[in-house]
Amino acid sequence: MRTLDRAGAAARVTERAFVSLGPMAASPAILHADLDAFYASVEQLLDPSLRGKPIAVGGGVVLAASYEAKRHGVSSGMPAGRARERCPGLEFVGGHFAEYRRLGDQVMAILGDFTDLVQRISIDEAFMDVGGSRRLFGEPAQIARTIRARVREEVGLPISIGAAGTRHLAKIASQVAKPDGLVVVEVGREREFLDPLPVSLVWGVGPATEARLASAGITTIGQLSDTSPSVLAKLVGGGLGSRLRLLANDEDPRVVRSGGRGRSVGAQSALGRVAPTAELRAEVLGHLADRVAGRLRKADRAGRTVTVRVRFPGMRSVTRSLTVEEPVASTLTLREVSEQLVAQALTDNGGEWEVTLLGISVSNLIEQASVQLELPVADDDPHRTGSPTGAARLALDRSVDAVRERFGTGSVAYATPAFSERGAVPDEFRELAERDS
Ligand SMILES: [Mg+2]
C-alpha cells in the first residue's frame with residue numbers, strides 16, 4: 001500500500017530535538033517552517049534524474065543550490081564559474097518559477113490547516129503560532145512533526161521546522177534543523193541553545209557585520225549577548241548594535257500576524273492510480289468524512305465550508321468548496337456534501353479517468369458543544385443539524401463516538417461499500433501521516 005510506504009518514509013526523516021519535552025513541560029508555540037534548498041528541491045522533484053545530484057538553479061549566478069552542491073561549497077549568489085570550480089560535476093538548470101509559486105502555495109495551505117495564525121515571509125517560509133491549536137492537533141512539537149510528514153507526503157518536498165517561544169529563536173532553530181529536521185527549543189533553555197551558535201544566525205548579521213564582530217573576537221551568540229552596548233555601537237553602529245543585542249538575548253516581542261486564512265480540519269487518502277467509480281468515491285469519502293467529522297465532534301466543533309480535493313495523475317489537483325448554511329459535524333452529511341462536490345469536480349474535468357488522491361476538509365469552524373433543536377417545521381432538511389433528521393444523524397454520530405471511545409475505532413463503522421476490506425489495515429498508517437486530535 002503506497003500510503004503505508006510513504007508514511008513509513010516520513011517517520012524515518014531526521015529529527016533532532018534539542019531537548020525532549022517532558023509531558024508537563026510548557027512547549028514553545030511559535031514555529032518557523034522553511035523549505036530546504038527550495039528551488040533546487042523543486043527541480044529535483046520535477047525531474048527525478050536530478051535527484052541525488054549537485055545542481056544549481058540559475059545561469060550566470062547560482063540562485064539556489066541542492067544539498068549535494070552545497071556540500072562542495074556552492075552557495076546562492078556565487079558566480080557560475082566559481083561554483084563549477086568548487087563542484088566540477090555541477091549541473092545548471094533553468095528555473096520553473098510558476099511551479100515554485102504553485103508548490104509554495106500548496107505548502108502554505110497545509111500550514112493553514114493547523115492555525116489561522118500563519119505569517120508567510122517569503123515564497124517558502126512562514127511563522128506560525130500554534131498555541132491555540134493544541135486541542136485540535138496536539139502539542140506544537142507534534143504539530144511540527146505532522147506538518148513535516150504532510151509536506152513530504154502531499155507535496156514531495158523536505159521542510160525544516162524550528163519551535164521556540166519567540167519568532168527570532170524559532171527561525172534560528174529551523175536553520176539549525178536543516179536539512180530536513182525539527183529542532184524544539186524548550187522554554188527555559190533558550191540561553192543554553194543560543195550561546196554556542198555562530199553570530200551569523202542572528203537576523204541582520206550579514207558577512208560584513210560578521211567580519212566586524214569577528215575582528216573584536218565575537219563569533220558566538222553568547223559572546224554577542226555579553227558585549228557591552230558601547231563596544232557594539234563602536235563596532236557596528238548604535239542602531240544595529242542594540243537590535244543585535246536584543247536578539248542575542250532572545251528578546252523579540254514581535255508576534256505572528258496572520259494572513260487571515262481560516263482554520264480547518266481535513267483528511268485525505270492517497271490512492272495510487274484508480275478509476276473514480278461511484279463505489280470507490282462512496283467508500284473513500286465515507287471513510288474520510290468519518291475521520292474528519294469524528295475529529296470535529298471530538299473537539300466540539302462544526303464547520304460551514306466543505307472543501308474536497310481531487311488529485312489526478314501528474315500531481316495536478318483541483319478543489320471544490322461549498323459553504324452551507326448550517327455548520328456540519330455529521331458524518332453522513334459531510335459524506336453526502338463531499339460526494340456531490342467530487343462528482344462535480346470530475347464532471348468539470350471531463351476525460352479524467354484516473355485519480356490519485358481524494359481529500360476532504362472543513363473550515364469556517366465554530367464551537368458547537370450542543371445543538372439547538374429546531375421546532376419541527378415543514379422543511380426537514382437533513383443537512384441542518386437542528387432539523388429532526390439532522391438531529392437524528394448527530395445523535396447517531398454521538399453514539400458511534402461513544403462506542404468507539406469505549407471499544408476502539410474499529411468496533412463500529414458506517415456502512416459504505418467494501419468498507420471493511422479497505423478500512424482494516426491502513427488506518428494506523430493514515431494516522432501517522434495525518435495525525436488526529
Ligand atoms: Mg528555504
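The legends below accompany four close-up views of this predicted model.

**View 1. A cis peptide bond leads into Pro179.** Here we join the chain at the step from Lys178 to Pro179, where the peptide bond is cis and omega is near -5°. Pro179 sits in the loop that links α8 (residues 167-177) with β8 (residues 182-184).

**View 2. Asp180 has a positive phi without being a glycine.** The phi angle of Asp180 is about 55°. This aspartate belongs to the loop between α8 and β8. Is Asp180 buried or exposed? Asp180 counts as partly exposed, because it has 18 C-beta neighbours inside 10 Å, and a residue is called buried at 20 or more.

**View 3. Asp250 also shows a positive phi, although it is not a glycine.** For Asp250 the angle is about 60°. Look for Asp250 in the loop that runs between α13 (residues 238-248) and β9 (residues 264-274). With 19 C-beta neighbours inside 10 Å, Asp250 is classed as partly exposed.

**View 4. Three strands form an open sheet, with a helix lying across them.** The strand order is β3-β2-β4, and the pairing is mixed. At the edges stand β3 (residues 62-65) and β4 (residues 91-93); each has a single partner strand, so one side of each is left without a neighbour in the sheet. From one strand to the next, the twist averages 35°. Strand β2 (residues 55-58) pairs with β4 in the parallel sense over three bridges, and Ala56 has Phe92 of β4 as its bridge partner. Helix α2 (residues 38-46) lies across β2, β3 and β4, and runs at about 110° to β2.

Terms used. Residues are numbered from 1 along each chain as its sequence is written. This is a predicted model: local features need pLDDT of at least 70, side-chain atom pairs count only at pLDDT 80 or more; totals for chains, interfaces and linings use all residues. Helices (H or I, at least four residues) and strands (E, at least two) are DSSP runs, numbered from the N terminus. A residue is buried if 20 or more other C-beta atoms lie within 10 Å of its own, exposed if 12 or fewer, and partly exposed in between; C-beta atoms are placed from the backbone. Two strands pair if DSSP finds at least two bridges between them. Axes are lines fitted to C-alpha atoms, for helices over the stretch in contact, and angles run from 0 to 180 degrees between N-to-C directions. Two residues are in contact if their C-beta atoms, placed from the backbone, lie within 7 Å.
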